[in-house]
Amino acid sequence: MKRIISLLSAAAVCTAALTAPSSSYADNPYAPALLSPVSAADSTIFNFTFESGTEDWEGRGAAAVESSSSAALNGSKSLACTGRSESWNGAAYPLPASFSAGTAYSFSANIMYDKGKSTDLFHLTLQYNDANGEANYDKIASGTAVKGDWLQLANTNYTIPSGATDMIIYVETDSSRNSFYLDDVAAASAGTVISSNASGNFILGDVNGNGTIDAADLSEAKRGLLKGEYSTFRSEFASDVNQSGTVTIADVVWIYKFVTLAVSDYPEKAEPENPIGEEDEPFDYNPALSYQASPDYYFNTPAQAGKIVKESYSSINGQKSLWVYTPYGYDESQKYNIFYLMHGGGENENLLFSDEVHLKEMLDNAIYEGKLDPLIVVTPTFNGGNCTAQNFYEEFRASVVPFVESKYSTYAESTSPEDIEASRMHRAYGGFSMGGVSTWAVCRNCLDMVGYFMPLSGDHWGANDANGKAQDIANAIDASGYERDKYFIFAATGSDDIAYPNVNPQIQAMKNLPQFTYTSDLSQGNLYFMVAPGLTHWWGYVRHYVIQILPYFFHEK
Ligand code: FER
């Protein structure tokens, strides 16, 4: 778990006494922290509130900034910084010429982020050119924010290095690419304490975040434990005093003992079983996922990129080829989930990783951002020999899976039918248009091999009407014997897609069958249909469905 340490480098922040315990264990990252400065600023040089727009701030790197009403520390707006493809991307402001090198100033900025990991380390940084004209980067103030809570980054006495020119201040993160909000950025003469009503620094046990641990925290921690809900993410995080990842009675007992003066030190850190905000917590499904395109920078190669290889194999339909994507850092000693993705009619296996669709770059970005776990993606073809979209499942079983999974490291211990079946919850199949037709056929015929299905803009060519198509799939499921939490169908298309009138009635019919529970929360159900408003029958749209849906796969085992 990341450490929550007050890294405020401010020299003159007031050091009010706190009632938080002085930890006995050296490893405690929740050191009693400084309170936010309280006195008012005078001698203000600038003060950006973003109430009237971006106010001379700009995006740094790939990032964009805009005035936003989604969050505000004060007033009704802040500066939203999004599209960060590197940690140094952020929100920037060129310092006006009145700022002098070699002179000290007081700087303050307030930040908040609301998606991603539990905590994130932010920096307020100065970029400047030195006497040799070389760019330098110096941290003015740093701090670890808790998700959903405003944090002040402040330094009352920061000296701009002598000889500096072309000064720009900017807010960045240490390593994440989270979007964030910025509000009330001010500078004043050195020594000025610029006040902030951001949350005080984080203290374990301070459930209500008022800077002390007292009976009110005990009462809120108890209520949270009993009801399983907390007013903020921070209050849940602060209630987990022993940092086990879950708030339990042991945490509440500790707060009780601390408040009644029976203990004065934090408890031993418990072994994290399911750390809040960490990898092995349940996947955060949206139960009604709606279409959202990937950002434009997903079409560029990020700092870490996977590889694509064209492979040739002999199949029951003759000698054929397919492409295999392996993620950045692919390691044969690890096991990877695998996704087979089929092209549409008149297309071939080369299309998806070509410059026409850019699926490789999109996968690279989703993986690089941590939105998608590293996985293998295969683009085969239903062209060749006697192969069709409807019978490709035969080649899939007999040729494609054995070839690919004996060569690449998946969850299949071997390519025996038993081992392929044992690893089926780590295997997905999807396709577009006729590839969607092939997806329903693989679902119909290969449930023993595949746990997750992604039919895109294509219906099941297994019966004449919607009820018949739905029932045909349901019959195959019954014959397979799998329970409802062992197969998942996540379909998608556009509302103006020519396939919509074919797919929609089939999905509506499936909803009424006992084999399916309709939701995109795959911990609760197994069928969903995402309809993108206004979009048509085109990979230029469908590729975004793939990138949006794939992260939902492979969590249910
Ligand atoms: C559909 C399934 C497949 C569909 C079209 C196709 C119009 C494929 C068409 C083609 O490749 O020409 O539901 O709806």
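This briefing covers the ligand site, the internal cavities and the aromatic pairs of the structure above. The model is predicted. The protein covers a stated share of the ligand surface, given below with the surrounding residues, and the cavity count comes to three at 30 Å³ or more. Across the whole structure, 42 aromatic pairs are found.

**Ligand site**

- The residues surrounding the ligand are Gly 345, Ser 433, Met 434, Val 437, Gly 458, Asp 459, Trp 461, Ile 498, Ala 499 and Asn 502.
- Of the ligand's own accessible area of 360 Å², 72% is covered by the protein.
- Sorted by class, this shell holds five nonpolar, four polar and one charged residues.
- In the side chain of Asp 459, an N or O atom lies 2.8 Å from an oxygen atom of the ligand.
- The side chain of Asn 502 likewise has an N or O atom at 2.7 Å from an oxygen atom of the ligand.

**Second largest cavity**

- Empty space inside a structure is revealed by rolling a probe the size of a water molecule over the atoms.
- The second largest cavity contains about 50 Å³ of space.
- Its lining consists of Thr 144, Ala 145, Val 146, Asp 149, Trp 150, Leu 151, Gly 200, Asn 201, Phe 202 and Arg 234.
- Strand S8, which spans residues 135-146, is the largest contributor to the lining of this cavity, with three residues.
- By class, the lining of the second largest cavity comprises five nonpolar, three polar and two charged residues.

**Aromatic pairs**

- Two quantities describe a pair of aromatic rings, namely the distance of the centres and the angle of the planes.
- Among the 42 aromatic pairs of the structure, one is formed by Phe 122 and Phe 180.
- The ring centres of Phe 122 and Phe 180 are 5.4 Å apart and the ring planes stand at 90°, so this pair is edge-to-face.
- Phe 122 belongs to strand S7 (residues 119-129) and Phe 180 to strand S11 (residues 180-189).
- With their positions 58 residues apart in the numbering, the two rings link distant parts of the chain.

Terms used. Residues numbered from 1 in each chain as written. Predicted model: local features only at pLDDT ≥ 70, side-chain atom pairs only at ≥ 80, totals over all residues. Heavy atoms only, no water. 1 Å grid on protein atoms, 1.4 Å probe; cavity = no way out; pocket = protein on both sides within 12 Å on 5 of 7 lines; lining within 4 Å. Points joined across faces, edges and corners; volume = space filled by probe spheres on them. Helix = DSSP H or I, 4+ residues; strand = E, 2+ residues; numbered from the N terminus. Nonpolar A, V, L, I, M, F, W, Y, C, P; charged D, E, K, R; others polar. Near = heavy atom within 4 Å. Polar contact = N/O pair within 3.5 Å; in protein donor to acceptor, adjacent residues only side chain to side chain. Areas by Shrake-Rupley, 256 points an atom, 1.4 Å probe, with all protein chains shown as cover. Phe/Tyr/Trp six-rings, centres within 6.5 Å; stacked < 30°, edge-to-face > 60°.
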